Amino acid sequence: MAKNGFRLGAVLRARKAQEDAAKAAVVRARGEAAAAHGAVHARERDLDGRRVPDGASSAAFAATLMARQATATALAAAIGVAELADQTVQDRLDDLTDAAVQRRTIEKLQERHDLTRKRTAAAIEAKAVDDLTTAAAFNRRGDA
């Protein structure tokens, strides 16, 4: 590494990797949430498609009612899974935000470091020019 190089370069690379992993987790969570919402819609369509009990016989009425109740229970469970998936997406987004903030913090430190190095180099160069100018003026007075 250069003598005055940015020593947190490895940390910055690690922060970028963490942010990339967080982005991938968000994508996975959104996919799972979409699948969960698809299951909810499928259960809703299934419930809507079920026959309404008619008065044909008490056994048929009870069987139809039980089938609708089982479908409604499955719908309720699917809704719970979808809500959990939505919360997971939000959690992964929060993780991504945290990772991005950490990465940006290190980037700001690197920008400050780079700016300080440029200012230091400019000051050294200005001092060298001043020294040369002073030496040249001193030499001219000595020659006169």
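## Arg103 and the helices around it

Leaving aside neighbours within four places in sequence, Arg103 is in contact with Leu12, Arg15, Lys16 and Glu19, where contact means heavy atoms within 4.5 Å. A word on the basis first: this is a predicted model, in which local features need pLDDT of at least 70 and side-chain atom pairs count only at pLDDT 80 or more, while totals for chains, interfaces and linings use all residues. Residues are numbered from 1 along each chain as its sequence is written, and side-chain values use heavy atoms, with hydrogens and water left out.

Arg103 itself sits in helix α2. Arg103 counts as buried because its relative accessibility is 18%; the cut-offs are under 20% relative accessible area for buried, over 50% for exposed, and partly exposed in between, with a 1.4 Å probe and protein chains only. Gln18, in helix α1, has its C-alpha atom 8.6 Å from that of Arg103, although the two are 85 residues apart along the chain. Not counting residues up to four places away in sequence, Gln18 touches Ala99 and Gln102.

Here is how four residues compare in place and accessibility:

| Residue | Location | Relative accessible area | Class |
|---|---|---|---|
| Arg103 | helix α2 | 18% | buried |
| Gln18 | helix α1 | 39% | partly exposed |
| Ala70 | helix α2 | 46% | partly exposed |
| Val52 | loop between α1 and α2 | 60% | exposed |

Now for the overall architecture. The protein has two helices and zero strands, these being DSSP runs numbered from the N terminus (H or I of at least four residues for helices, E of at least two for strands). Its C-alpha atoms fill a box of roughly 130 × 25 × 15 Å along the principal axes. The radius of gyration is 35 Å, whereas a compact globule of 144 residues would have one near 15 Å; the radius is taken over C-alpha atoms, and the globule rule is 2.2 Å times the number of residues to the power 0.38. Two spacings can be followed on the model: Ala70 and Gln90, 20 residues apart along the chain, have C-alpha atoms separated by 30 Å, and Val52 and Ala82, 30 residues apart in sequence, are 27 Å apart, C-alpha to C-alpha.

Of the contacts between residues at least 6 apart in sequence, 82% join residues at least 24 apart. Buried residues make up 18% of the 144 residues.

The largest nonpolar core has ten residues: Ala29, Ala33, Ala36, Val40, Leu47, Leu75, Ala78, Ala82, Ala85 and Val89. Both α1 (9–49) and α2 (58–143) supply at least two residues each to this core. Such a core is a set of buried Ala, Val, Leu, Ile, Met, Phe, Trp, Tyr and Cys residues joined through side-chain atoms within 4.5 Å. Val40 is a good place to look: leaving out residues up to four places away in sequence, Val40 touches Leu75, Ala78, Ile79 and Ala82.

Finally, the charges. There are 24 positive and 20 negative side chains, and the centres of the two sets lie 7 Å apart. Lys and Arg count as positive and Asp and Glu as negative, with His and the chain ends not counted; each charge is placed at NZ of Lys, CZ of Arg, CG of Asp or CD of Glu.
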